[in-house]
Amino acid sequence: MERDYQPLPIHDFGAGAGFHRPTQSQAARVDLESPALQVMTDLTRASPATIRPQAPLAGANQFMITRGVRLLLAVDDHEKVLGVITATDLLGERPIQVAVARGLRRDELTVADVMTEAAQVDALSLADVESARVGHVLETLRHSGRQHALVVDAGGLVRGIFSVSQIARQLGVPLPAGGEIARTFSQIEAAIR
């Protein structure tokens with residue numbers, strides 16, 4: 001059975017055209033009893049923001065701003081996670097302390113100098129998250145004093161990321177400027193009570 005294929009029409013591309021990137025579907029409104037998976041950034045549907053450990057700190061900060069994230073996975077050339085770096089790591093006292101301890105200028109520091117190494121990163125198991133509620137995740141983040149949590153699957157691969165700011169958006173809670181975690185949690189608690 002032979003087919004007669006006709007060429008498709010060709011159109012002008014046009015100046016200034018953009019392109020699509022993978023995105024997670026529009027974040028649905030949730031409440032504390034919603035399944036936790038509804039507030040997890042699922043890395044099977046959205047690409048994580050990654051950076052190389054040798055990248056300069058200023059570049060990491062700019063990349064976070066560009067991507068609209070506050071956590072980067074530091075990865076090697078084989079995409080193995082070596083650690084994480086957060087906006088708090090970049091903008092807090094840690095870079096200054098490391099620079100002073102090593103006798104360097106702040107602008108000489110790299111992501112590797114300030115990141116939390118993978119062996120020191122706490123994570124949640126996907127199996128626990130699958131049966132959890134949003135309230136469980138919020139309490140876990142509040143209890144740990146962190147704005148993010150990684151979720152790993154049974155094979156030890158990072159499957160997802162929880163972010164306090166993402167959860168607050170989905171709860172419909174405005175976040176305080178500056179991202180101070182204690183104020184963030186108190187604002188979330190006040191809004192949902």
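When I say two strands pair, I mean that DSSP finds at least two bridges between them. That matters straight away for β1 and β8 (residues 158-163), which pair in the antiparallel sense over two bridges. In that pairing, Asp42 stands opposite Gly160 in β8.

Okay, so what are we looking at? This is a predicted model. The protein has 193 residues, and 34% of them count as buried. Its secondary structure adds up to eight helices and eight strands. About 12,500 Å² is exposed, with carbon and sulfur atoms supplying 53% of that. And if you take the contacts with a separation of 6 or more, 57% come from residues 24 or more positions apart.

Let me stay with the sheet I started on. β1 belongs to an open sheet of four strands, in the order β1-β8-β7-β6, and the pairing there is mixed. Which strands stand at the edges? That's β1 (41-42) and β6; each has a single partner strand, so one side of each is left without a neighbour in the sheet.

Now the other one. Here four strands form an open sheet in the order β2-β3-β4-β5, again with mixed pairing. The edges are β2 (50-51) and β5 (116-117), each with a single partner strand, so each has one side without a neighbour in the sheet.

Going inwards from there, β3 and β4 run antiparallel and are joined by five bridges. β4, residues 81-86, also runs antiparallel to β5, with two bridges between them. Have a look at Gly83, because you can follow it both ways: Ala74 stands opposite Gly83 on one hand, and Glu117 in β5 is the bridge partner of Gly83 on the other. There's a helix here too. α1 (residues 57-67) lies across β2, β3 (71-75) and β4, and runs at about 130° to β3.

One residue I'd like you to click on is Glu79. Where does Glu79 sit? In the loop between β3 and β4. That hairpin has five residues between the strands. Most residues other than glycine have a negative phi. Glu79 isn't a glycine, yet its phi is positive, about 65°. As for exposure, the partly exposed class runs between 20% and 50% relative accessible area, and Glu79, at 49% relative accessibility, therefore counts as partly exposed.

Last stop, the second largest pocket. Rolling a probe the size of a water molecule over the atoms shows where empty space is left. In this pocket, that space comes to about 480 Å³. Which residues lie nearest its centre? Thr86, Gly145, Arg146, Gln147 and His148, out of 23 residues in the lining. Several elements supply at least two lining residues each: β4, α2 (87-91), β6 (123-125), α6 (134-144) and β7 (148-152). β4 we've met in the β2-β3-β4-β5 sheet, while β6 and β7 come from the β1-β8-β7-β6 sheet, so strands of both sheets help to line this pocket.

That's my tour; happy to take questions.

How values were computed. Residues numbered from 1 in each chain as written. Predicted model: local features only at pLDDT ≥ 70, side-chain atom pairs only at ≥ 80, totals over all residues. Heavy atoms only, no water. Buried < 20%, exposed > 50% of the residue type's maximum accessible area, 1.4 Å probe, protein only. Contact = heavy atoms within 4.5 Å. Areas by Shrake-Rupley, 256 points an atom, 1.4 Å probe, with all protein chains shown as cover. Axes fitted to C-alpha atoms, helices over the stretch in contact; angles between N-to-C directions. 1 Å grid on protein atoms, 1.4 Å probe; cavity = no way out; pocket = protein on both sides within 12 Å on 5 of 7 lines; lining within 4 Å. Points joined across faces, edges and corners; volume = space filled by probe spheres on them.
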